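Q: I have a protein model on my screen and would like to learn how to read its sheet and its core. Could you walk me through it?

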Amino acid sequence: MMSKKAFGIDIGGSGIKGAPVHLGKGELAADRVRIPTPQPSTPEAVADTVAELIGSFDVAEDMPVGVTFPAVIQEGVAKTAANVDRSWIGTDVDALFTERTGHDVFVVNDADAAGIAEMEFGAGRKSSGVVQVFTLGTGVGSATFVDGRLVPNTELGHVLLHGDSAEKYMASSAKEREDLDWETWAGRLQEYFSHIEFLFSPTRIIVGGGVSKKHQKFLPLLDLEAEILPAELRNEAGIIGAAVLAHREVKALKKGKKKDDKHHAGS
């Protein structure tokens, strides 16, 4: 069981949130601080905000910092940009934040971070086989794990359903936009998760996002082979998952492991 602390930051389109995380308990070690995401959300402006957020805490120099980012992240580089300025594409986010903050910073896709937190401390703990964590919101984020190991950057909100990205049809934003009742929306989720189940045969599906607070209204309406559960960490999942990832990355580097080894949920 991890007993140290790491610092987690969750970057979103409207706000940047962060706090130190107690890695043994899987909970925030202090009240989180939220700073509005600068507009335009360029790399330089966001890096300044990240440095400001860390500076609002007494963060030891050797404390690793994990950062979620709304993009496909490969070797620390943003390959896409969702809800942030498109100038991020091609930016080495790891290097930029490390240089700007003076801390070892490790960046991860935001949905993957939420998944890491759920696998370590939430509804996915002690799970084996194929486990998938979905974050339902404006879009649909996804994280896929095989025997505890993350398959990074799965963008399963964009699988085709009715000829377009599925998230446009079944994200919680679609429910709000079209004023769908719970039963009708659950029917859309049934279509989507049945399709996911056909493609991946998961043993467990975990559903997060703000709407998961009302999981009793829609999860019992779904009929799937996989066990389907609500996420447990909710709004803190990104911060916690980012901190867990940063701690593991430092451990892996000290042991001389390859960078990809950081993604194992049980290490």
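A: Happily! Keep in mind that this is a predicted model. Start with one pair of residues: in strand S10, Thr144 is the bridge partner of Gln132.

Q: How many bridges join strand S9 to strand S10?

A: Strands are read as a pair through their bridges. Here seven bridges join S9 (residues 130–136) to S10 (residues 140–146), and the two run antiparallel.

Q: What is the order of the strands in the open sheet?

A: Read across from neighbour to neighbour: S11-S10-S9-S14-S15, five strands with mixed pairing. At the edges you find S11 (149–151) and S15 (227–230), each pairing on one side only. From one strand to the next, the twist averages 25 degrees.

Q: Which strands does helix H3 touch as it packs on the sheet?

A: Look for contacts, then compare directions. H3 (residues 110–121) touches S9, S10, S11 and S14 (204–208), and its direction makes about 50 degrees with that of S10. Helix H6 (residues 182–200) packs on the sheet too, touching S9, S10, S14 and S15; its direction makes about 150 degrees with that of S9.

Q: Which residues have the most contacts inside the largest nonpolar core?

A: A core is read as a set of buried nonpolar residues joined through their side chains. The largest one has 30 residues, and Val21, Phe145 and Ile240 have the most contacts inside it. Helix H7 (237–254) is among the elements that each supply at least two of its residues; the largest share, eight residues, comes from H7. Apart from this core lies another, of 27 residues, including Ala47 and Val84.

Note on methods
Residues numbered from 1 in each chain as written. Predicted model: local features only at pLDDT ≥ 70, side-chain atom pairs only at ≥ 80, totals over all residues. Heavy atoms only, no water. Pairing = 2+ DSSP bridges. Helix = DSSP H or I, 4+ residues; strand = E, 2+ residues; numbered from the N terminus. Axes fitted to C-alpha atoms, helices over the stretch in contact; angles between N-to-C directions. Contact = heavy atoms within 4.5 Å. Core = buried A, V, L, I, M, F, W, Y, C linked by side-chain atoms within 4.5 Å. Buried < 20%, exposed > 50% of the residue type's maximum accessible area, 1.4 Å probe, protein only.
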